[in-house]
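Visitor: I have a model open and would like to go through some of its helix packing and a few residues. Can we take it piece by piece?

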Amino acid sequence: MDAILDFLKTTGFALISSDWRVLVMMVVACVLMYLAIVKKFEPMLLLPIAFGMLLTNLPGAGMFHEVLFAGGHVNWELFGGGEITQEIIDTVATTNAALAETLTVGETVSVGLLDVLYLGVKLGVYPCLIFIGVGAMTDFGPLIANPKSLILGAAAQLGIFITYIGAVFLGFTPAQAGSIGIIGGADGPTAIYTTSLLAPELLGPIAVAAYSYMALVPVIQPPIMKLLTTKKERQIVMKELRPVSQTEKIIFPIVVTIFVSLLVPSAAPLIGAIMLGNLFKETGVVERLSKTAQNELMNIVTIFLGISVGATATATTFLDPQTLKIIVLGVVAFGFGTAGGVLIAKIMNLFSKNKINPLIGSAGVSAVPMAARVSQVVGQKENPANFLLMHAMGPNVAGVIGSAIAAGVLISLLG
């Protein structure tokens with residue numbers, strides 16, 4: 001009987017009673033999985049994130065240990081079987097008092113699966129690998145054909161800098177505020193890369209917020225788009241884009257890499273990765289590399305990145321007032337980014353002979369190609385004969401470049 005009782009005490013069911021918050025997080029994870037599977041809200045992103053969130057909150061499973069990454073850096077000595085010191089506990093207490101209370105001096109940590117996978121996030125490896133895949137799947141033709149799309153892509157970064165001001169006002173440090181603001185770019189890899197350099201202690205909540213809002217683009221954007229435009233504006237039919245030659249498509253990534261890297265050196269890793277992937281695609285001489293980047297590499301890294309991001313949403317971190325502020329500020333950033341693109345498109349129409357459908361301005365956030373598809377869907381509801389997808393892809397891919405540049409500026413100024 002004693003053996004049975006001892007066994008029951010070690011089960012997750014018994015451990016839930018010691019921390020009810022894990023039950024809340026398991027419910028949140030199941031809700032996100034419902035949205036991914038049933039509502040199909042970007043399941044490629046949301047499903048692995050939600051499942052990673054579920055795994056990390058299973059009591060007693062020991063798949064992810066926040067103490068290994070306490071203080072915003074990797075505690076390599078704990079990976080090697082080292083013992084927890086009072087110094088580590090004090091460091092943890094500065095950012096997560098609840099976690100610090102669970103630690104004991106002299107205790108060792110058994111490294112879990114998610115701890116190992118999370119190193120790719122912490123060291124900034126996954127974001128650049130994702131960008132190679134994104135580049136290999138991206139057609140910059142619409143942007144080359146309509147360079148004015150760059151203005152829309154730049155305008156959609158408005159949310160980044162407005163949220164930066166709001167975050168500083170709420171008590172975050174400038175570096176933390178910059179990392180929170182980058183959520184407004186709707187670019188998960190960029191948000192992770194920026195945060196890992198500026199505010200690594202906030203990497204978990206910022207990564208979860210950024211990827212969750214990317215997945216919820218079809219829910220968040222349409223109300224803002226409709227609020228800021230008239231029915232007549234949403235029905236605007238745009239002229240067909242000019243054909244773009246292969247030579248132009250090959251020269252473009254090379255020129256952009258050189259120019260942006262010289263202008264903002266901190267953005268070079270992200271810009272270089274996406275443009276390398278695009279060069280694989282457009283040259284046509286490395287088809288195997290292009291297909292690998294688009295498929296195998298992209299799929300594998302997406303799985304690892306999604307699960308790792310979800311793993312950071314532990315009960316002690318996620319159900320914290322500071323994290324809740326980040327979630328709210330993320331919505332603000334995303335909303336202002338969407339609004340910025342739409343409003344600039346309306347302003348451009350005051351001086352343009354060929355009118356722009358303002359709906360494509362919302363695609364300036366860099367959630368490729370989700371934001372462009374949302375512009376298409378909302379536009380076709382107003383005018384079934386209108387096809388905005390290719391026009392929206394211009395500001396959409398411009399937003400990728402814009403968010404990377406914005407990240408580089410923040411890293412240069414605040415890093």
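Guide: What follows covers two helix pairs, the cysteines and one glutamine, and the model is a predicted one.

Visitor: Start with α3 and α4. How do their axes cross?

Guide: Helix α3 covers residues 21–37, and its axis comes within 8 Å of that of α4, with a crossing angle of roughly 160°. Angles over 145 degrees count as roughly antiparallel, so α3 is roughly antiparallel to α4.

Visitor: Is that crossing left-handed or right-handed?

Guide: The crossing of α3 past α4 is left-handed.

Visitor: Which residues meet there?

Guide: From α3 there are M25, M26, V28, A29, L32, M33, L35, A36 and I37. On the α4 side they meet P43, L46, L47, A50, F51, M53 and L54.

Visitor: How do the residues of that contact divide into nonpolar, polar and charged?

Guide: The contact of α3 with α4 has 16 nonpolar residues, with no polar and no charged ones.

Visitor: Now α4 and α15. What are the distance and angle for those?

Guide: The axes of α4, residues 43–56, and α15, residues 203–215, come within 9 Å and cross at roughly 140°. The roughly antiparallel class needs an angle over 145 degrees, so α4 counts as oblique to α15. The crossing of α4 and α15 is left-handed.

Visitor: Which side chains should I click on for that one?

Guide: On α4, pick L45, L46, I49 and M53. On α15, pick V208, Y211, M214 and A215. The residues of this contact are eight nonpolar, no polar and no charged.

Visitor: Changing topic. How many disulfides does the structure hold?

Guide: The structure holds zero disulfides.

Visitor: What about C30, buried or exposed?

Guide: C30 falls in between: its relative accessibility is 43%, so it counts as partly exposed.

Visitor: And C128, buried or exposed?

Guide: C128 has 17% relative accessibility. Buried means under 20%, so C128 counts as buried.

Visitor: Last one, Q176. Where is it found?

Guide: Q176 is in helix α13, which runs over residues 174–181.

Visitor: Is Q176 buried or exposed?

Guide: Q176 is buried, as its relative accessible area is 11%.

Visitor: What does Q176 touch?

Guide: Leaving out residues up to four places away in sequence, Q176 touches A199, E201, L202 and Q322.

Notes:
Residues are numbered from 1 along each chain as its sequence is written. This is a predicted model: local features need pLDDT of at least 70, side-chain atom pairs count only at pLDDT 80 or more; totals for chains, interfaces and linings use all residues. Side-chain values use heavy atoms; hydrogens and water are left out. Axes are lines fitted to C-alpha atoms, for helices over the stretch in contact, and angles run from 0 to 180 degrees between N-to-C directions. Helices (H or I, at least four residues) and strands (E, at least two) are DSSP runs, numbered from the N terminus. Angles under 35 degrees count as roughly parallel, over 145 as roughly antiparallel, 65 to 115 as roughly perpendicular and the rest as oblique. A crossing is left-handed if the near helix is turned anticlockwise from the far one by less than a right angle, and right-handed if clockwise. Contact means heavy atoms within 4.5 Å. Ala, Val, Leu, Ile, Met, Phe, Trp, Tyr, Cys and Pro count as nonpolar, Asp, Glu, Lys and Arg as charged, and the others, Gly among them, as polar. Buried means under 20% relative accessible area, exposed over 50%, partly exposed in between (1.4 Å probe, protein chains only). A disulfide is a pair of cysteine sulfur atoms within 2.5 Å.
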